[in-house]
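The following paragraphs lead the reader through a structure step by step. Please keep the sequence and the three-dimensional view at hand while reading.

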Amino acid sequence: MNPLRWLVGRFPTLALARRNLSRATLRSALAITAVVIGVVAIGAIGTGGEAFKQDQLEAYEGFGGTATVEPDVQFEDGNLTNTELSDGDIDRIRQAAGSATVLPVHEPAGSFVQTQSGTLLFRARVKGLENPGEFYEARNGTMPDNWRRTIVIGARIADQNDLEPGDRLRVNVTDEFDRSFEIAAVLKPQGFSAPLGADRTVFVPASEFESGGYEQAIVRVDTTTGSVDAATQAIEREFNAREQLVRVEQVQEQREQFTEFFGTVNQFLIGVGAISLLVAAVTIANTMLMAAIERESEIGVLRAYGYPKRAVVSLLVAESTILGVVGAAIGAPLALGIGMAINQLLLGDPFAFTAAGLRYVGIGVGFGVVTALVAGLYPAWKAANKRPVEALD
Amino acid sequence: MAPEPNEDDGRWQEAGDHATSETIPTDAIIRGTDVVKEYETGGQIVRALKGVDFGIAPADFVAVVGPSGSGKSTLLNLLGLLDVATSGDVRLRGRDVSTFTDRERTRKRKETIGFVFQSFYLIPTLTALENVEMPRMLDRTPTKTRQRARQLLERVGLGDRLDHYPDELSGGQKQRVAIARSLINDPDIVLADEPTGNLDRDTGDRILELFDELRRDENVAVVTVTHDDYVAEAADRVVTLIDGRIRETESRRANFEEGPDP
Ligand SMILES: Nc1ncnc2c1ncn2[C@@H]1O[C@H](COP(=O)(O)OP(=O)(O)O)[C@@H](O)[C@H]1O
Ligand SMILES: [Mg+2]
């Protein structure tokens, strides 16, 4: 006996089910498409989301011992007060934080950046730093030692505007300065959640700013010798003993907040994906109901010839499950392909799947198959319980 | 030759009637006494069978005739365990079928009964051979089933059409496939509801000849419904149903020559 015949003899229900599906090819194809969409939605959103999370978490890696200090801005009588940290405040932070590196940051409200040809870099932010080399490494060019007349820019700005060391940018800061700088270095990518949003920032020397106030200070503790918790507490004690003057936040906390927030967003997106599977379920239930109605007399013949109800249910559920299995079989590689594209884009390696990411593809496949099976139950039950006499007329 | 209808000869054959009780074959496969079948449609009750007696002995060839709506299909459905009587007693080999669960009825159908329908009801995605195998496809005996199916198709003259699909066969050929299918479970009775209704006269005649041969070769009883008189010619007995009652039973077989008349 040839193997195909053996299979048919072994699993007659599956063989019958497959042939029945091939009878309404277009209808079957549509139902399969619905499953594919659902599986791809869940799988791709899941793996993509994981890749995104991975990317962000990598970005946080370097900031384990980092905290940010900002004035706790108040809104009183139509005026903003307590908007800046003074030089004195910075000194107090330095004293309180002990061995930590403290980096005061100018974050002017009104600024713009232009290329030499006059193009505005809308999304660039301007920040003033004293010594960026304390904090960042250069991807291109070299970090200036005695920083006075050049600027360093974030990786994203450089990539989006085709800028490299040696190019010039005009930087205008309201009430402060308006002049052209040579780019000394392009920073290594930091990820969007890095403090200061370095990837989208144009850093100018702090000496360019006349005003003494700073909008933010970055505190970095060498975690092998000190503790960022201790530094944070010391700063809080120094400033906030009587009233809240500054807000101190550890990047680690931000990372946790991000992870939590991201989890919520991802669950929501996967929920959206799951809804598409629900639509697939409706499509399959409809397909199977139509099939059951069309084949009523045929099912009646099966019943007359002694097929138990269970066999009829199995046959129709096998049909709907095949739709799910085929849909999942097409959907899973598609989801993986999309996942690979996202991995390449965010992590630079198409195979950088995490276990969690792959699990979503598995979940998509599982849900796709189970959804199809469940969607087939009612039509199958209905067809099987039709009395054979009624079905035959 | 038709006797005046009265309560007694309104019954079909042997069962439940004192005058004919000696002629009931002890080996009757299925028998019914005073069987009534009512349908309820939209609050109205239709009495399709108004108290009929029947019995089918092995290798019987019975033709059921009568006008449309007289209850022929209803009777066949009861014989085929596809439906249950409203009242009266129907026994399959002595067992009261009204006590059967749906599952038991299904199993008994598989063991005992083969069906042939007016509209053939072949499965379009299966070849002739597979259609014949269909009633046994869930039995895990594919080789034996295949052998038997092939043999039956050869028996009905379709040995060269095994791998044809139904839409590649003529009406008469389809009905032959259906007849082969009805025999695959080696039933005791084949029930055919107007098997020649969709066929021309010559083809229909050949189908009936086939039934006549098969019930001898395969030792199977055949009950066939028809409204064509010529069909009845081939049968051992002709049962005429009119308005839910048996009006006339004509027996040609030697052992029933006495007839039910007192
Ligand atoms: N499922 C049903 N529901 C209601 N009435 C039915 C049903 N089946 C048959 N009948 C009625 O029972 C009577 C006998 O029908 P049937 O046995 O099909 O007759 P025949 O086969 O001799 O034409 C008819 O009056 C028919 O309308
Ligand atoms: Mg009828």
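A residue is said to be near a molecule if one of its heavy atoms lies within 4 Å of that molecule. The model discussed here is a predicted one, and the account begins with its ligand.

By that criterion, ligand 1 is surrounded by residues of chain B: Tyr39, Thr41, Val46, Ala48, Pro67, Ser68, Gly69, Ser70, Gly71, Lys72, Ser73 and Thr74, each carrying the chain letter B. When these neighbours are sorted by class, 4 are nonpolar, 7 are polar and 1 is charged. Three elements of chain B each contribute at least two residues to this shell, namely strand E1 (30–41), strand E2 (44–56) and helix H1 (72–79). Helix H1 of chain B gives the most, with 3 residues.

Which members of the shell place an N or O atom beside an oxygen atom of ligand 1? In B:Gly69, the atom in question belongs to the backbone, and it lies 2.7 Å from a ligand oxygen. In B:Lys72, the side chain supplies the N or O atom, at 2.9 Å from an oxygen atom of ligand 1. The side chain of B:Thr74 likewise provides an N or O atom, and here the separation from a ligand oxygen is 2.5 Å. Considered alone, ligand 1 exposes 560 Å², and the protein buries 65% of that area.

The description now widens to chain B as a whole. Chain B contains 7 helices and 10 strands. It has 262 residues, of which 55% count as buried. The surface that chain B exposes amounts to about 11,200 Å², and carbon and sulfur atoms supply 43% of it. How many of the contacts between residues at least 6 apart in sequence join residues at least 24 apart? In chain B, the share is 71%.

The interior deserves separate attention. In soluble globular proteins, nonpolar side chains tend to be buried together. In this model, the largest nonpolar core comprises 47 residues, and B:Leu79 and B:Val223 are the ones with the most contacts inside it. Leaving aside residues up to four places away in sequence, B:Val223 touches B:Ile56, B:Val62, B:Val64, B:Leu76, B:Leu79, B:Ile189, B:Val190, B:Leu191 and B:Ala192. Apart from the largest core lies another core, of 30 residues, which includes B:Leu158, B:Val190, B:Ile207 and B:Val222.

One of the residues touched by B:Val223 is B:Ile56, which is located in strand E2 of chain B. Is B:Ile56 buried or exposed? It counts as buried because its relative accessibility is 0%, and the limit for a buried residue is under 20%. The C-alpha atoms of B:Ile56 and B:Arg150 are separated by 29 Å, and these two residues stand 94 places apart along the chain.

Two further residues of chain B draw notice through their backbone angles. B:Asp34, in strand E1 of chain B, has a phi near 50 degrees, a positive value in a residue other than glycine. With a relative accessible area of 39%, B:Asp34 is partly exposed. B:Arg93 is not a glycine either, yet its phi is positive, at about 45 degrees. B:Arg93 is placed in the loop between strand E4 (87–92) and strand E5 (95–96) of chain B.

The last part of the tour turns to chain A. A:Gln250 belongs to strand E13, which spans residues 246–250 of chain A. Its relative accessibility is 9%, and A:Gln250 therefore counts as buried. Which side chains form polar contacts with that of A:Gln250? One is the side chain of A:Asp229, joined to A:Gln250 by a polar contact of 2.7 Å. Another is that of A:Thr232, where the polar contact is 3.2 Å. Neighbours within four places in sequence set aside, A:Gln250 is in contact with A:Thr66, A:Ala67, A:Val228, A:Asp229 and A:Thr232.

A:Thr371 lies in helix H10 of chain A, which covers residues 355–385. This residue also counts as buried, because its relative accessibility is 17%. Residues up to four places away in sequence not being counted, A:Thr371 touches A:Leu277 and A:Ala281. Between A:Thr371 and A:Met290, which are 81 residues apart along the chain, the C-alpha atoms are separated by 18 Å.

Notes. Residues numbered from 1 in each chain as written. Chains lettered and ligands numbered in written order. Predicted model: local features only at pLDDT ≥ 70, side-chain atom pairs only at ≥ 80, totals over all residues. Heavy atoms only, no water. Polar contact = N/O pair within 3.5 Å; in protein donor to acceptor, adjacent residues only side chain to side chain. Areas by Shrake-Rupley, 256 points an atom, 1.4 Å probe, with all protein chains shown as cover. Helix = DSSP H or I, 4+ residues; strand = E, 2+ residues; numbered from the N terminus. Nonpolar A, V, L, I, M, F, W, Y, C, P; charged D, E, K, R; others polar. Core = buried A, V, L, I, M, F, W, Y, C linked by side-chain atoms within 4.5 Å. Buried < 20%, exposed > 50% of the residue type's maximum accessible area, 1.4 Å probe, protein only. Contact = heavy atoms within 4.5 Å.
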